[in-house]
Amino acid sequence: IKGLKIGIPKEYRVDGMSKEIDKLWENGKKVLKDSGAEILWIPEGALAIADSIFTYDASLMTPYGAILMSPGKLLRRGEQNIHKKFYEKLNIPIIGQVGNGGLAEAGDTLWLDNKTLIIGRGFRTNPAGIQQITEILSPKDITIHIFDLPTYLGESSCLHLMSLISLVNSRSALVFKPLLPVGLLELLIDLNLFSLQIYELPFLL
């Protein structure tokens with residue numbers, strides 16, 4: 001992660017945090033800095049809706065700049081505007097925005113490499129949102145693969161594409177195979193990505 005810029009919400013820390021959690025927080029910052037990453041603090045401001053944990057969802061970073069998402073979760077609507085102000089302040093390019101009925105959360109996306117993006121169609125990312133992302137990236141010679149996500153526990157559960165797959169490195173992926181779309185498993189095999197299986201979904205642990 002040397003040379004990467006990592007955005008973290010200022011409001012992640014709250015009054016009354018336990019010493020154990022506070023220590024983990026400080027250790028986490030130290031690991032990032034010691035690894036050569038630059039921490040950029042994201043102010044929540046008056047909107048008071050930024051998700052303290054899943055800040056990834058409100059915008060998708062690409063090799064060319066950011067795409068502002070349109071969160072499917074009602075309580076997160078407008079969170080992309082916090083990211084917009086943050087990017088504008090730091091002169092980070094914004095190459096597009098999902099809107100006009102399109103819904104998309106970046107947790108339903110994953111870059112397999114600089115030219116390959118996978119997107120999960122689910123309760124929080126709809127076909128209109130996927131189409132808009134595709135149109136934004138089509139001039140950039142990006143290959144996009146789209147997969148339907150399982151219903152699993154229904155609309156109220158938090159199941160993103162990244163609930164089912166995370167990259168360990170450029171050649172390995174951590175997957176929850178029982179819910180992984182068949183087409184995605186086949187793609188990983190075609191790309192010679194080694195799959196490490198987990199046996200419980202992370203958000204159920």
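This short talk walks through a few helices, strands and salt bridges of one structure, which is a predicted model.

Let me begin with helix 2, which covers residues 79-89, and with a question about it: which of its residues are buried? They are Glu79, Gln80, Ile82, His83, Phe86 and Tyr87, and because these residues cover an arc of only 150 degrees around the axis, they lie on the same side of helix 2. If you turn to the face that points away from this buried side, you find the exposed residues Lys85 and Lys89. What do the buried residues of helix 2 pack against? Their partners are four strands, namely strand 2 (38-42), strand 3 (59-62), strand 4 (65-68) and strand 5 (94-97). Just after the helix comes Asn91, and its phi is positive, near 60 degrees.

Now let us look at how some of those strands are arranged. As a general point, the strands of a sheet pair through backbone hydrogen bonds, and they can do so in a parallel or an antiparallel way. Here, strand 3 and strand 4 are antiparallel partners with four bridges between them, and the hairpin that connects strand 3 to strand 4 passes through two residues. Within this pair, Met61 stands opposite Ala66 of strand 4. Strand 4 also pairs with strand 5, this time in the parallel sense and over three bridges, and there Ala66 stands opposite Ile94 of strand 5. Ala66 is therefore a useful residue to find on your screen, since Met61 stands opposite it and so does Ile94. If you follow the chain from strand 4 through helix 2 to strand 5, you trace a right-handed β-α-β unit.

Let me move on to the salt bridges, of which the structure holds eight. In general, side chains of opposite charge can pair when their charged atoms come close. One of these bridges involves Glu79, which we have already met among the buried residues of helix 2: its side chain meets that of Arg76 at 2.8 Å, N to O. Both Arg76 and Glu79 are buried, and together with Asp57 they are linked in a network of salt bridges.

A second example sits in helix 1, where the side chains of Lys29 and Glu26 form a salt bridge at 3.4 Å, N to O. Why are these two about one helical turn apart? The reason is that they are three residues apart in helix 1, which spans residues 19-34. Lys29 counts as buried because its relative accessibility is 17%, whereas Glu26, with a relative accessible area of 32%, is partly exposed.

In a third case, Asp148 and Arg121 meet through their side chains, again as a salt bridge, at 3.4 Å, N to O. This pair links distant parts of the chain, since Asp148 belongs to strand 8 (residues 143-148) and Arg121 to strand 7 (residues 116-121), with their positions 27 residues apart. Arg121 counts as partly exposed, because its relative accessibility is 38%.

Finally, there is an open sheet made of three strands in the order 9-10-11, and its pairing is mixed. Strand 9 (165-169) and strand 11 (194-197) are the edge strands, each pairing on one side only. Neighbouring strands of this sheet are turned against each other by 30 degrees on average, direction ignored. Strand 10 (residues 172-175) and strand 11 run parallel and are joined by four bridges, and the bridge partner of Leu174 in strand 11 is Leu196.

Methods:
Residues are numbered from 1 along each chain as its sequence is written. This is a predicted model: local features need pLDDT of at least 70, side-chain atom pairs count only at pLDDT 80 or more; totals for chains, interfaces and linings use all residues. Side-chain values use heavy atoms; hydrogens and water are left out. A salt bridge is a side-chain nitrogen of Lys or Arg within 4 Å of a carboxyl oxygen of Asp or Glu. Buried means under 20% relative accessible area, exposed over 50%, partly exposed in between (1.4 Å probe, protein chains only). Two strands pair if DSSP finds at least two bridges between them. Axes are lines fitted to C-alpha atoms, for helices over the stretch in contact, and angles run from 0 to 180 degrees between N-to-C directions. The arc is that of the directions from the helix axis to the C-beta atoms. Contact means heavy atoms within 4.5 Å. A crossover is right-handed if, with the strands pointing away from the viewer, the path from the first strand over the helix to the second runs clockwise.
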